[in-house]
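Here's a quick look at one chain, sheet first and oddities after. Have the model open as you read.

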Amino acid sequence: GEQSQGLLLNARGTYFSPVVFPNFAERVCRFVLWARDNDGDINVTARLMRKRLATTNAFAPPEVMAQVSSTGANPNLRAFIDSTIAAPLPNASFVYYVELVVPGETLEVAGVRIETRPTC
């Protein structure tokens, strides 16, 4: 893929980015994917993931905290929102990251937003 004017363009594959929560006292309230999906056949998916640090099995799968996918064909940049957050209070026992799955070059991603607050 390539970057142009703040969009990930012509990308295909799975991308990862670490997430650092500066304040473990705040809850994750919403997970937002900003994307331009003008393809009715495929969708981009973003997941907020967490992986336990202290475990006897290093290969234990990570947990999905939130997941959202684009839908429909529309030439505009749109927000796709998940407000149903599993385990919304981050803590130091986990590492956190975003997984972005882009199945085709026709999807364009501007980014994700993780909204936190003391209460949701």
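## The sheet

In this predicted model, four strands make an open sheet, ordered β3-β8-β5-β6, with antiparallel pairing. Its edge strands are β3 and β6, each of which pairs on one side only. Direction ignored, neighbouring strands here are turned by 20 degrees against each other on average. Strands are DSSP runs of E, at least two residues long, numbered from the N terminus, and two of them pair if DSSP finds at least two bridges between them. The angles come from axes fitted as lines to C-alpha atoms.

Zoom in on β5 (residues 45-52): eight bridges join this strand to β8, and the two run antiparallel. Across that pair, R47 stands opposite E99 in β8.

## Two loop residues with positive phi

N10 isn't a glycine, yet its phi is positive, about 50 degrees. You'll find N10 in the loop between β2 (7-9) and β3 (13-19). With a relative accessible area of 43%, N10 is partly exposed (buried is under 20%, exposed over 50%, partly exposed in between; 1.4 Å probe, protein chains only).

A87, also no glycine, has a positive phi of about 50 degrees. A87 sits in the loop between β7 (77-82) and β8 (94-102), and is partly exposed at 32% relative accessibility.

## Confidence and ground rules

Mean pLDDT (the predictor's confidence in each residue, from 0 to 100) is 93 for the chain, and 100% of the residues score at least 70. Among the chain's elements, strand β6 (residues 63-69) has the highest mean, 98, and strand β1 (residues 2-4) the lowest, 80.

Residues are numbered from 1 along each chain as its sequence is written. Local features need pLDDT of at least 70 and side-chain atom pairs 80 or more, while totals for chains, interfaces and linings use all residues; side-chain values use heavy atoms, leaving out hydrogens and water.

Methods:
Axes fitted to C-alpha atoms, helices over the stretch in contact; angles between N-to-C directions.
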